[in-house]
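Trainee: May we go through this model together, one question at a time? I should like each answer to end on what I asked for.

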Amino acid sequence: MNEVITRLKNSIDKKVLAAVDKASMGELTFVPISIKHDQTSQKDFLFVAVCQTSDKEKINQILKKSFNNPIKFMNIGKDDIMDLLKELVPSDKIAKPSESSNAESSNDDGKSSNNPRRQGVRLGEILKEKGVITEIQLQDALAESNRTGVPIGSTLYEMGYITLFDLKNALGDQTGYELVSTEMLANQKEFVNILPEDFIRANSVIPITSDGRMLTVGVLKPLKQDILKAIIYLTGQNPKQLLMTHYEFNNSLETFFSRHKKQTQKIIEEIKAENLGVEEGESLSEQLDNELLNSTGAVAKFVNQIITTAIDNKVSDIHIEPRLGGYIVRYRKDGMLQKTIDIPDKAESMVITRFKVLSRMNIAEQRRPQDGTFSMPYNNINYDFRINTLPVSGKEKVCIRVLAPAVSLKSEDKQIRLVGADMKDINKITRMVSCPNGIILTSGPTGSGKTTTLYSILKSLNDESVNITTIEDPIEIKLDGINQSQVNVKAGITFASCMRAILRQDPDIILVGEIRDYETLETAISAALTGHLVLSTVHTNSAAATVTRLIEMGAKDYLVSSTLSGVIAQRLVRKLCDDCKQEYHCTREEAMKVTLKEDEIQKLMETPIYKAVGCNHCQFHGFKGRLGVYEIMPITKEIKKLIAQGAHDLEIEECAVANGMDTLHSACYKHILNGYTTIDEFVRVLGLAGE
Ligand SMILES: [Zn+2]
């Protein structure tokens with residue numbers, strides 16, 4: 001070994017080395033050296049030794065998983081790097097293609113020299129052959145999987161196309177290995193610390209249970225001999241490997257070693273150390289100067305952390321609110337608020353100012369509500385946020401809505417998809433929208449999934465031959481292939497004025513974010529009368545009440561009766577976690593919370609239903625995701641007649657029910673019978689039966 005190489009070898013940072021998989025170093029011929037600060041570019045580079053023939057693209061991909069740093073390659077001779085590798089990597093691992101039998105085509109450590117997409121297709125094919133998914137769903141998920149880097153199986157699961165059970169079955173078939181069962185994960189908490197966290201992360205192996213002599217570990221793919229030996233060495237126990245899905249593994253990591261929690265804690269320490277409190281006598285302008293200069297400081301990092309945690313946890317809103325003793329951050333997920341972070345003392349005003357700077361609000365204004373927007377790139381996706389402030393008892397409260405990133409509407413899949421709706425419901429909606437003109441409304445309180453339903457309908461209607469234009473406030477989901485415009489009251493762009501402009505643009509289908517005044521309603525009606533299909537939302541409690549609400553707003557009953565094609569009232573209830581829900585029989589009192597009809601009470605008491613428990617798949621909430629409850633009312637001739645006669649909404653509802661409509665209550669009752677949700681969820685969302 002020559003002198004340069006010896007020096008290189010001595011400057012290898014052991015921590016950097018430990019974070020990289022040895023087998024891939026051998027296979028792809030590279031050695032990570034260390035992280036060094038570069039004065040000119042002011043960046044911290046990861047220096048990596050390679051030779052001429054090394055595949056830098058692949059090496060880059062692998063290293064990106066463990067390091068955020070940009071990479072600088074140092075080319076050294078082939079023999080030299082071989083010498084280095086011989087010192088660091090077991091000889092059988094050098095430059096031999098590895099025999100990879102990854103679970104779920106996990107290309108996490110890049111060891112797989114096979115095309116990951118090809119393997120993804122294989123697992124997908126298995127699921128397709130079994131009739132679990134369709135070709136369209138597979139293509140859909142493959143595109144998503146390529147975008148996010150999450151293996152196809154877990155992607156299919158997260159998109160709701162398959163259950164965890166389906167995934168595990170298919171994986172078992174594909175690999176022939178035994179899989180971790182949900183029951184085994186129940187006590188993972190007690191054993192997970194048997195291995196150190198960095199070892200767990202570096203080798204994708206996590207302890208599940210142990211009897212003191214044998215340690216059962218979950219793995220993404222079968223472990224190499226050296227890692228198995230390392231486990232014996234670290235624990236004194238014999239490892240038994242069970243395959244785990246990518247989804248389960250990440251879930252366990254997040255539950256037991258939440259990176260976000262740790263990072264947040266670290267930043268909070270930093271803030272405390274910097275002692276950011278406003279100095280006595282410091283003027284507002286001085287504070288602002290400090291804040292603006294401090295865009296790379298601890299507060300900015302903290303704000304970033306608040307946002308990225310929200311994105312990763314798929315929350316819909318972030319609340320930053322004053323409490324008696326300081327400020328807290330709460331996230332709304334699946335409709336429920338959860339307290340997450342305490343903002344360190346004295347930093348709160350700077351945190352709020354930081355948000356105002358981001359969204360270009362007036363920083364000095366604290367007494368009046370303000371609103372704004374900002375966007376932030378994260379994991380190569382641009383996220384948009386809508387933010388507003390509200391003065392509350394001398395302090396300011398901030399609320400941030402996380403808007404979904406853009407999605408493509410150009411899918412060949414024209415099926416309307418609504419979670420919680422059955423085929424009968426979907427067919428009703430499809431018939432409703434097949435008429436080229438008329439008004440279709442979704443109704444329900446804020447956050448009941450109205451917009452999602454409308455977008456799903458739009459998706460089914462979108463093709464080259466129609467012009468779809470929307471007017472929204474805000475644009476909640478960006479859709480490719482559709483003209484979306486944004487209300488801007490300050491600039492005089494209201495729902496009504498914008499819709500009049502849109503009508504001059506020869507649209508076929510118009511989506512109006514909300515009908516809340518007579519002017520918008522009137523424009524919607526005249527659009528429907530002139531041959532357009534208008535989709536919109538209204539804040540009402542039931543489908544029938546929507547009809548009477550339109551008349552109360554000032555529309556003539558004969559116009560409502562001739563233009564309205566259908567109303568979909570909806571709510572969202574939390575969906576029971578399939579992995580931990582517990583079967584039981586409810587009492588008469590409980591059943592009566594849901595229905596007052598004797599036959600339905602009997603049926604509910606006889607049917608085994610479920611209650612929420614909590615496990616590590618659902619972050620111990622007992623629920624995972626949400627499910628729509630739909631009341632779908634097509635406006636039939638009979639109902640048109642009733643509307644024109646000025647009937648009460650109860651009469652309209654009776655008529656619709658007689659024609660087979662499920663009310664929100666009966667739809668949710670069915671969800672309980674089917675084991676999707678609980679009696680408590682029914683009461684939380686719809687109130688007690690009969691009230
Ligand atoms: Zn669970």
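**Sheet, core and overall form**

Trainee: Over how many bridges do strand β14 and β16 pair?

Mentor: Strand β14 covers residues 468-472, and its pairing with β16 is in the parallel sense. Strands are DSSP runs of E with at least two residues, helices are runs of H or I with at least four, both numbered from the N terminus, and two strands pair if DSSP finds at least two bridges between them. For β14 and β16 the number of bridges is four.

Trainee: How are residues numbered, and what confidence do the features need?

Mentor: Numbering starts from 1 along each chain as its sequence is written. The model is predicted, and while totals for chains, interfaces and linings use all residues, side-chain atom pairs count only at pLDDT 80 or more and local features need pLDDT of at least 70.

Trainee: Which strands are at the edges of the open sheet of seven strands?

Mentor: The order is β16-β14-β17-β18-β13-β19-β22, with mixed pairing. An edge strand pairs on one side only, and this holds for β16 (483-486) and β22 (623-634).

Trainee: What is the average twist from one strand to the next, and what angle does helix α22 make with β18?

Mentor: The twist averages 20°. Helix α22 (residues 518-529) packs on the sheet, touching β13, β17 and β18; a contact requires C-beta atoms, placed from the backbone, within 7 Å. Angles run from 0 to 180 degrees between N-to-C directions of axes fitted to C-alpha atoms, for helices over the stretch in contact. Between α22 and β18 the angle is about 155°.

Trainee: Which strand gives the largest share of the largest nonpolar core?

Mentor: Such a core joins buried Ala, Val, Leu, Ile, Met, Phe, Trp, Tyr and Cys residues through C-beta atoms within 7 Å, where buried means 20 or more other C-beta atoms within 10 Å of a residue's own. The largest core has 109 residues, and Val 512 is among those with the most contacts inside it. Seven of the core residues, the largest share, come from strand β19.

Trainee: Why does this core lie between two domains, and which are they?

Mentor: Domain bounds come from an automatic or database assignment. The core lies between two domains because both give residues to it: domain 2 (104-255) and domain 4 (409-686).

Trainee: What is the radius of gyration of the protein chain?

Mentor: The chain has 30 helices and 22 strands. Taken over C-alpha atoms, the radius is compared with a globule rule of 2.2 Å times the number of residues to the power 0.38. For 691 residues the rule gives 26 Å, so the chain is as compact as a globular protein of that length, with a radius of gyration of 29 Å.

Conventions:
Contact = placed C-beta atoms within 7 Å. Buried ≥ 20, exposed ≤ 12 C-beta atoms within 10 Å, placed from the backbone.
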